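Colleague: I'm new to reading helix packing. Could you walk me through it with the model on screen?

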Amino acid sequence: MNIDHKHVAVIGAGVTGLTAADALAGWGVHVSLFEKTPFLGGHAIQLNCKATDACVKCGACVVEDKLHRATRHPTVEIHTGAQIETVTGQRPYQIAYRTHSPLVNADRCNGCGICFQKCPVPGAILQGHAPRVGPYVAIRRELCRYFDNAACTLCRDACPQVAIGLSSEAQAGVIRADAIFVATGFTTFNPSGKPYGYGRFRNVITSLDAERLLREHAVMKRPSDGRPAGRIAFIQCVGSRDAQLGHPWCSKICCGSSMRMARLIQSRQKDAQITFFYIDVQTFGKDFQPFYLNARENIAMIRAIPGDILRTETDELEVIYFDPETHASKESVFDIVVLSVGLLPSGDNGPMARILDWTPDESGFLHPHGSDRHPAPAGIYTAGAVTGPMTIAESVSSAEKAVFEMIRYLSRS
Amino acid sequence: MANDRPDRLEALNSACCKDWSYDQDVCLTCAMCASACPVAGVDDYDPRKMVRMVSLGMVDQVVQSRWPWICTMCGKCEQVCPMGIDIADITRRIRSLRQGRQIPGILYKGLAAALETGNNLSLPKEDFIFILEDVAEEVAGEPGFEGFSVPIDKKGARLLTTVHNKLVNTHTEDLKPWWKIFHAAGEDWTVASDNWEGTSWGYFTGNDEAIKIMAGRIVENMRRLEVDTLLWPE
Amino acid sequence: MDERTNADRRKQTPPPPEVMIFGSGACARKIAANLYDQGINAWLAAREDSPPAAGQAEKMHWLTNIGLTACHGFARNFELKLTQKGSFLHQNVPAIVLAEDDDRSPNYAPYGLAPNPRVLSISSLEEKMHQASADDLFEKGARIVFLCGWHNDSHPVIAQRMLAGCLHLQSRSRVAAYFMTGNLKVAANGAEAQVQAAKRSGALFLKFTRDFPTIRTLADGRFEIDYLDELTRTPFQLTADWVVVDETIGPGRHLDALAHGLATRQDSLGFAQSDNVHRMSNATNRRGIFVAGGSRGILSEAEQLADADQVTLKVLAFLQDLDAAPLPRVEIVRGRCARCLTCYRLCPHMAIAIGTRVSVVTDACQGCGICVAGCPARAIEMEGLPIGAEVYRRLRKPDANKEVAERMPKVMVFGCARSAGKARTLSRLSGHTLPRGVQFIEVPCGGTISTGLLLEAFDAGADGVMLCTCHTDNCQSEIGNQVARRRADSARNLLKGAGVESDRLNITSVAANMGNEFTFMIHAFVDRINALNRS
């Protein structure tokens, strides 16, 4: 196959985009990898390894591998903080983009982590992972308060290395690409509207917040006071299987990842009591049955979704739910409540679809082949969670399949 | 609801409520409604079970139970329902299937009195006016409200407000904050001396006919007093 | 069997490499067609006697009645010994794909049922629906009960087929469908919509968590089902005319023999790919042997076809890289080798060739170094592998700050490059530093470290030695972490015998993305050694 003179734009550097970039570069294809955030790895790189002593096949470590592989190719050109502005023409496509320079000076940052402690917005500062391109600490403009009302400069003021700038220059560029690989991933549901006090009670957190907590402390500590959390509840399907919100789908990954997280916490905090509120347990896979049976022995499984969370005078969380055992209302007290938030189509899908002359399906995801009435434009492929909720393993498979189709297209055209 | 002999599933007509305007079949049995319900567990009631029984076709059992009358119609269940099932409306439909002497006594009496006299207390018009004027006098005695009077049956006012029966019975003090706000805001308002009650006893009892009559009376008051805005706090 | 005409050899120069595909289902056929389109001819080794249906055998060389007797050789040149109706066939191929269909067996026993004309498996129902028009399938008003995932949880792949069957019957045939299920598996795109459509069309869904129904077969062949409705706590009874049971998806009947013949590792269920994230998506423990579709796990039909594309990509990349890929150079030193064949038994990648001399086959070797550490004669040498000398050099290197160095214990950490090595990098990039006195040596696999090397580290002056491998069940070389554990155990025993606290040698596991945890573990170990030094 003679495709080593071809040029492909990969949009999105999560696990799907990285897999694609690596595979394409392996064929000698020149890849321009565009990433909206200042770091590579997407959602998947924010996840913890869930192994207790044995691997539980969560796939989180795979992302690290994909990242190293994709960034090692000299033909992969990385643009972080990038936004696609327009896509015109075809064979080749002309892609106009804009990049923002990173807010953290990678040469100065020594990763001390003081900015993490100072930042009032969970998730606004992330440990980024971008070998060769840096920086290792990334501030996300879309969450940072400075870019909201310019009032907050806590991280900048606290940085002992004077590495944080909070102002960035935009740069415009244009590339020509023979094909486009769209892997812009998903977004997670914001549970502020649910009756669980998210955003008001500091110890009510989302699954992604819980990942960050575990990454920072290795154990679960209450965000409100740093005390170890011994009683933890997981509430499943927050924003999934919800026709009212227009998300009638199951997000597929949350039961498995929450249950793995629960077992990980228990392996590190022997006395942690974990309660799992669910509708239907949705995990599956080769080793699932023994894992699930074992988890069930150690986790209180309650088939009911709570209706309310109140904060007690002693700053604990009182979860009110209908107890299927006693058939009556029950209140249970927890230190931390983790909301397993659903996977939603990214807000970028609409604009991206318009730019690409694509039609999202009725749920808002970008189906790999467009729709019947409006098939996908030639040479544009979508893969990974931009097409629907997916595990890490499924995202890798999906990327590989799309790369094969793309290579076929490139070798024909 | 335990029976000695098992029910025959095929004998139930799960399609019996299909003409109801909402779709209880979509229920995921997630129990969020039951978790949110303030009276769940009382007398074995929970909204999920009720929805389930209705979708199975066990409507008769639900109608004969006390559950529809335990529900306070607060609507929290349907607010949290991820599938958008109109649960409070199911309760209202169920209530409507039990009428006359079959509804709980206090509701039956309230409904009968409201239909007959315009309010469930059977409070005569003169007594109603006397109570309002008496409270108005007390308000007028407070600093800043000098000269306050209650505008009963004021033709051409901007706003008509209904009155909860509690306010002219045991909680007359609670009339004052409303009135003070109207006064301070310079509102041009009025109260009707007939059919002043806002509480819909038809809604309580699931009696659509009674709802129509009571709502009709309030509309008639607006027409009579030439008011175009209604404040209906119930 | 070499009957190809010149017309078949379309892209002749250079001669196209050929691939052997085991399997004859949709996935296998698609792989062959994909490869053909890229100029590569493939053999399709079918178990069945029946010739392919019209239009199914284009673009591939179809072999029927094929059994595998032996597979010698290595990537680039596998020598396959096949049987065909009692005679032997030999074929050499550079690459092999295992793409046998999975096996779907109906679940009767879990529901207390025996095979019976009125008990249909979901496959037989699908067949029925395929053959007859919807109206003729069942008598009008028949009650059909679907039994799905009670005691053993279902899988979305099966649940989706059950749901499709239920929806089809309820909406097209005039029957009453009941769906009795445990956890309703809707974790597949479109599954929730299927459930809602089935419910709207009138199918009744009954969910159970603990008390499952009992089913009695009546004299007339129908079924009496008794259950307690969990939500209403009402006992119910239902007479069903037909029941449809779900299936368990497992490896195909011949997969076991094929996996044995090809020496590929299997998972706990018997699929021909170990459940190891390093295998993602189509790799096996052997270079040049790939696995796809129903041979590697539980996949829906659409996923199996997608898998055909994925594996094609892998095969193409493999064939392209055969000559280009930089491979580790491992050599067995003539004269030292005693032909004990420990290396052959240990090698998880089947890379040891036994000929007039024993050698490591570069094309098959994945450079884990397990053989290097395992060889009792120390006859195997691998380029770039740290040896004793490196350990001595590092531990005896004088520290610039003598005073501090004397207070801190000397600790040697050996870490697998796939996990600990990356975690170490991550930890460093996150601003963490290792305590002074800690030496970190990255090795290709935990299995590279021999018992002798662990002891040598102590001899070189280490106060503590730590061996950091991948987590259990996730070794790229399958057994590297297991042999590492065994060697650490025996080294610990030897230390104990020599009067050294066995706590001074620690073996632990970590993942590539556990930078923080890696740092914590090293610090905790150094603290422990400190305490031992003081006592």
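Modeller: Sure! Start with handedness: a crossing is left-handed if the near helix is turned anticlockwise from the far one by less than a right angle, and right-handed if clockwise. Bear in mind that this is a predicted model.

Colleague: Okay, what is the handedness of the crossing of α1(C) and α7(C)?

Modeller: That crossing is right-handed.

Colleague: And how do people describe such a pair in general?

Modeller: Two packed helices are described by the angle between their axes and the distance between the axes. Here, α1 (residues 26-37) and α7 (residues 301-321) of chain C have axes that come within 8 Å and cross at roughly 40°. Angles under 35 degrees count as roughly parallel and 65 to 115 as roughly perpendicular, so α1(C) and α7(C) are oblique to each other.

Colleague: Which residues of α1(C) meet α7(C)?

Modeller: On the α1(C) side, look for Ala26(C), Cys27(C), Lys30(C), Ile31(C), Asn34(C) and Leu35(C). Their partners in α7(C) include Leu305(C), Ala308(C) and Val315(C). By type, the residues of this contact split into eight nonpolar, three polar and three charged.

Colleague: Is there a reason for gaps in a list like that?

Modeller: An α-helix has 3.6 residues a turn, so residues three or four places apart point the same way.

Colleague: Now α4(C): is it mostly covered or mostly uncovered?

Modeller: Mostly covered, with 13 of its 17 residues buried. From first C-alpha to last, α4(C) (residues 156-172) reaches 23 Å, close to the 24 Å expected at 1.5 Å a residue.

Colleague: What about chain B, how many helices and strands does its secondary structure come to?

Modeller: Chain B has 11 helices and four strands, and 37% of its 234 residues count as buried.

How values were computed. Residues are numbered from 1 along each chain as its sequence is written. Chains are lettered from A and ligands numbered from 1 in the order in which they are written. This is a predicted model: local features need pLDDT of at least 70, side-chain atom pairs count only at pLDDT 80 or more; totals for chains, interfaces and linings use all residues. Axes are lines fitted to C-alpha atoms, for helices over the stretch in contact, and angles run from 0 to 180 degrees between N-to-C directions. Helices (H or I, at least four residues) and strands (E, at least two) are DSSP runs, numbered from the N terminus. Angles under 35 degrees count as roughly parallel, over 145 as roughly antiparallel, 65 to 115 as roughly perpendicular and the rest as oblique. Two residues are in contact if their C-beta atoms, placed from the backbone, lie within 7 Å. Ala, Val, Leu, Ile, Met, Phe, Trp, Tyr, Cys and Pro count as nonpolar, Asp, Glu, Lys and Arg as charged, and the others, Gly among them, as polar. A residue is buried if 20 or more other C-beta atoms lie within 10 Å of its own, exposed if 12 or fewer, and partly exposed in between; C-beta atoms are placed from the backbone. The expected span of a helix is 1.5 Å times one less than its number of residues.
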